[in-house]
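Colleague: I am new to this model and would ask for a close look at a single part, the surface around the nucleic acid strand. Please then set that part beside the other interfaces of the assembly.

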2 protein chains.
Amino acid sequence: MPPRPPRRDDPVRQRSLRDHNLALVLRHVTASNRPPSRAEIAAASGLTRATVSTIVDELIAGGLVAELEPVSRSGVGRPGTGIVPAGTGPAGLGMEVNVDYLAVCAVDLTGAVRHRQVRHLDQREHSPAQTWQALAELADQAVAAVAAQRLTPAGGVIAVPGLVEGDTIRIAPNLGWQQVALPRPEDLGGLRDLPLDVANEATLAALGERHATGLRSFLYVSGEIGIGGGIVLDGELFGGSHGWAGEIGHVTIDPQGPDCHCGSRGCLEQYAGEEAIRAAAGLRAGGAVLADLVDGARQGDGPVLDALEHAGTALGVALSGAVNLLDIGTVVLGGHYAELIDWLRPAIERELARRVITARWAPAKVRASALGSDAALVGAARAVTQAILDDPARFLATRAVSAA
Amino acid sequence: MPPRPPRRDDPVRQRSLRDHNLALVLRHVTASNRPPSRAEIAAASGLTRATVSTIVDELIAGGLVAELEPVSRSGVGRPGTGIVPAGTGPAGLGMEVNVDYLAVCAVDLTGAVRHRQVRHLDQREHSPAQTWQALAELADQAVAAVAAQRLTPAGGVIAVPGLVEGDTIRIAPNLGWQQVALPRPEDLGGLRDLPLDVANEATLAALGERHATGLRSFLYVSGEIGIGGGIVLDGELFGGSHGWAGEIGHVTIDPQGPDCHCGSRGCLEQYAGEEAIRAAAGLRAGGAVLADLVDGARQGDGPVLDALEHAGTALGVALSGAVNLLDIGTVVLGGHYAELIDWLRPAIERELARRVITARWAPAKVRASALGSDAALVGAARAVTQAILDDPARFLATRAVSAA
DNA sequence: TCTTGTTTGTTCAGCCATTGAACTTATAGG
DNA sequence: CCTATAAGTTCAATGGCTGAACAAACAAGA
C-alpha cells in the first residue's frame, strides 16, 4: 500500500533527513495518547526543541497537525500548546467487497471513523462491472459526506476476499471472480483523481487490528466462509514475495484428510471453515450459521460444542505450526472466530501448549479481534492514512504540486 | 547479532546521514563482483562522485577497504582505481559446537574463509565447561593464525544446535544441554576482549546461505539428527519475538502421528529426521547413516528409496504450510538434505504443487545448500563481518576509541 | 502587586554532509 | 602532439540540525 517504502539502498541527502524527522515527529503526535507539546516531542524523540518547532510548523502548514487551544495545564512554567493530528485534512477511504455486501468508510488521521455505510448486494448474482458501479456510487456518497466535514479524501483501498496481485484480482473463490481488474479511473466518479489500490481482505484486517490493538507482532486469523490470515511483524504488515503471505486457510492439518476445493487435501478450511463447522454441528445449511452456532453453544448443545472443539483443535494445530515457524507471541482471532472465541480458545491453547516447542518459556497469547467484522474495512481506510503518516513528506510534496 | 539495528524511531542528525552513506558505499564495494571505481559507485548509488570520494577516504583510513593497484583497463578516459574490501583488517570468528565435533573458522570482509579447523569431540561425554575449554583452545589457535595473516579478529559467534535466548542456551537436546551460559570472558584466552555471541545453528546457516547464494528471501531447512530451519526475508534474518523463528522440525504433519520427544505428536522430525529415515530404510543404527542412505539410493535399493520418498512427502507437507504462510519463493535444503536432494525433491515438489494455493502462479523453487555442512560455521563468522558491513560507522568509532 | 523560578517556544550563529561545477589527472586515438 | 573522454579532487553554496541565548507564559511566595 505505501507507494514506495524507503529502501535502505537509497542514497541519503539532506532532504531525506528532514523527511525522516518529519515522519518521526508526526508519529509521536499520533502515537501518544495525550496531545504532546513541542517540548515533549523533543524530549521523547531525541531531537532538539528548535528542530521540533520548525518541523511542527511545516506539518501545520501542510494541514497534517493542528495546535490545540491553550488549555491551562498543571505544573509550574509556561504551559505547552498541545499538538494533535488534524481533524480536518486528509482522509482515507476504505472499501470492502464481500460475498453479500459492499461497504465504505472513511477515517481521518487520528484513526477515527468519520463515515461508514454498508449496502447489501450479492456479488454472486452480479458481474464485477456491476459491483464496481455500485461501489463507485457508495464511494461518491462517502466523498461527499467527508467533504461536508472539511476532510479531503487522499486515496482509497478496496478489500477483497481473494488473491490480489498488483492491480488485478487473481481469484476470489467466494465471489466467483477470476482475473478481475480494478475499475478504470474514469468510471469512478468522485474517486477519479485519487490513488486507488486493492488488497486482500484479511491482510487489511490485520493492518486494522495492528492500529486498534497497538500490538507490534501478531498473526491475524479470520474465519468466515473462507479462512484468511495476515501477518504483522514489528509493526509492519508482512506480505511475502508477492503479497500473498498469511494464507493459513490451506495449511495442511492431515495429509490424508478430506478433499479441498483448492485441489489439496486436509486443508484447515475443511476443519474450521464455516461450512465444515456447520456440517459437524448438524445445523441446517443456508441459515445464519454464526448466530446458530453462538445460540447452540450458549445453550450447551452437544453437537455444536463438539464441532467447535474440533474446529479449535484444527486451528490449534495450524497455529502451532505458524508459531513454531515465526516465533510470534500473539494470535488474534477475527471474523466469526471473534464471537466464537470462548468455545474455540480451550482447544487452541491446548494444542499450542503441546505442539509449540517454546511454549513452556513463552506461551503464545490468543485474543479476539478488537475491530470485529469491521476490521478489513477500517484497515483498508487506515492503509491510506498510514501511508501519509509513514511518509508525510511525500504527501506534502504532492499537496504542494496540486496547490500550484 | 548486529549490536543494535538502526531503529526507525531514532532521530536523524547529520552524522547519521554520513553513517548511512558509509554503509551504502561499503555495501556496493562488497556486493559487486568486479572492484568498482569511485565513479562507478557514485553512478550506482546515486551519490555524487565528490561524496563517494570522501566516504571512500574514510573507509580506507578505517582499514575497511583498499585501493587496487592501478591496472590498465579497457576504454578511453582516465582509468578508475578499483576499490576492494580490505583483505587485511577485521575478521569474523565463527565457532560451532555440534554433537560430535567442534569447529572454528575465520572470514575476512570479502567473505573468504581464511582459517578453518575441526576437532572431533563428543559433547555427550563431556560437560559444557569442558566443551568451552576445548573451544577456547581452538579459538586461540584461530586468533593466532588470523593474526599471522595481518587480520584482526573483531568478534565471535558460536553456533549451537539448540534454543538460545540472549547469552544462555535454553536447551540443546542432542548435546544434552540445558540452561548453559556463555563462557566468562576471562576463560576465553585470546577471545577475552572480543564481543561474543551465541545463536542457533540453523539460523546462522541460513545467514551463511544468504551470502553464498545471494538470495533475498528464502526458507532454509537443515536435516541432520534434528531438523532446524532459518528464515531470511528481504536479505535480513528473521528471528521472531525471541529469536526462535524457523523451528520447522516440530511442525505437525499428522496430529495423530507418532509421539515426539518434544512432547507433541506427528512432528516433522518423526518423518524426516535422520533416525526416522534410517529406521524406515531398514538400515542399522549407529553407522554412518548419511553415507548408507546415499549408497542405497544410488544402487536403487527399494526400502531406501521408499524411505526418502516418504521423508520428502512429509517435508513437502511442512514446507507447503510454510510457503502458504510466508509466500516465500525459494526453499534451500541443507545438512544431510543437501546430499539427498535428488531423491527428496520429486516428493517435495509434488506436495508443494498440490498444497500451495499460489503454486500455479508462482511455484516455489527447491535448491540445495551452497555451503553444505559448513553453512552454520561460515554463517557464524559472517554474522560478525556482516555487522561491520551493516554499520561501518560503529566499527570505525570503536576502532578510533581503542586507538586513542 | 511584584519578584523569582520554571518551563515553553523562537531566533540565530555555527557546524556538518552533500551538491554541483570547475579543475586536475590519466588514458586512447588520430 | 593534440583532442576527446572519463576519473578523481577541490571548493563555494545549500540545507538541516544543534546549542545557547532570549522572549513568553505561568505558579508560588513575599
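Modeller: In the predicted model, a backbone N or O atom of G77(B) lies 3.5 Å from a base oxygen of DNA strand D. The term polar contact is used here for a pair of N or O atoms within 3.5 Å; within protein, one atom must be able to donate a hydrogen and the other to accept it, and residues adjacent in sequence count only if both atoms are side-chain atoms. Phosphate oxygens of DNA strand D are also approached: one is 2.7 Å from a side-chain N or O atom of T51(A), and one is 3.0 Å from a polar backbone atom of R38(B). Two or more residues of the surface near the strand come from each of α1 and α3 of chain A and of α2 (38-45) and α3 (49-61) of chain B. These elements are DSSP runs numbered from the N terminus, with helices (H or I) of at least four residues and strands (E) of at least two. The largest share of this surface, 5 residues, is given by α1(A).

In total, 28 residues surround DNA strand D, and the closest are T51(A), R13(B), Q14(B), S53(B) and T81(B). A residue counts as near when one of its heavy atoms lies within 4 Å of the strand. Of the strand atoms within 4 Å of the protein, 67% belong to sugar or phosphate, and the rest belong to bases. By class, the surface holds 9 nonpolar, 12 polar and 7 charged residues; Ala, Val, Leu, Ile, Met, Phe, Trp, Tyr, Cys and Pro count as nonpolar, Asp, Glu, Lys and Arg as charged, and the others, Gly among them, as polar.

The helix α1(A) leads on to the domains of chain A. The assignment, automatic or from a database, gives domain 1 (14-85), domain 2 (90-194 + 375-403) and domain 3 (213-370). The C-alpha centres of domains 1 and 2 of chain A lie 30 Å apart, with 11 residues of domain 1 in contact (heavy atoms within 4.5 Å) with 10 residues of domain 2. Together these two domains bury about 870 Å², 79% of it on carbon and sulfur atoms; buried area is the accessible area (1.4 Å probe) lost on putting two parts together, summed over both. L26(A), L64(A) and P85(A) supply 46% of the area that domain 1 buries here, more than any other three residues. Between the two domains there are 0 residue pairs in polar contact (both at pLDDT 80 or more). On the side of domain 1 that touches domain 2, α1 (14-31) and α3 (49-61) of chain A each give two or more residues, and α1(A) gives the most, with 5.

The two chains meet elsewhere as well: 60 residues of chain A contact 60 of chain B, and about 5300 Å² is buried, 58% of it on carbon and sulfur atoms. Between these chains, 22 residue pairs are in polar contact (both at pLDDT 80 or more). Elements of chain A that each supply at least two residues to this side include α1, α9 (302-326) and α10 (336-355).

Residues are numbered from 1 along each chain as its sequence is written, and chains are lettered from A and ligands numbered from 1 in the order in which they are written. Local features need pLDDT of at least 70, side-chain atom pairs count only at pLDDT 80 or more, totals for chains, interfaces and linings use all residues, and side-chain values use heavy atoms, with hydrogens and water left out.
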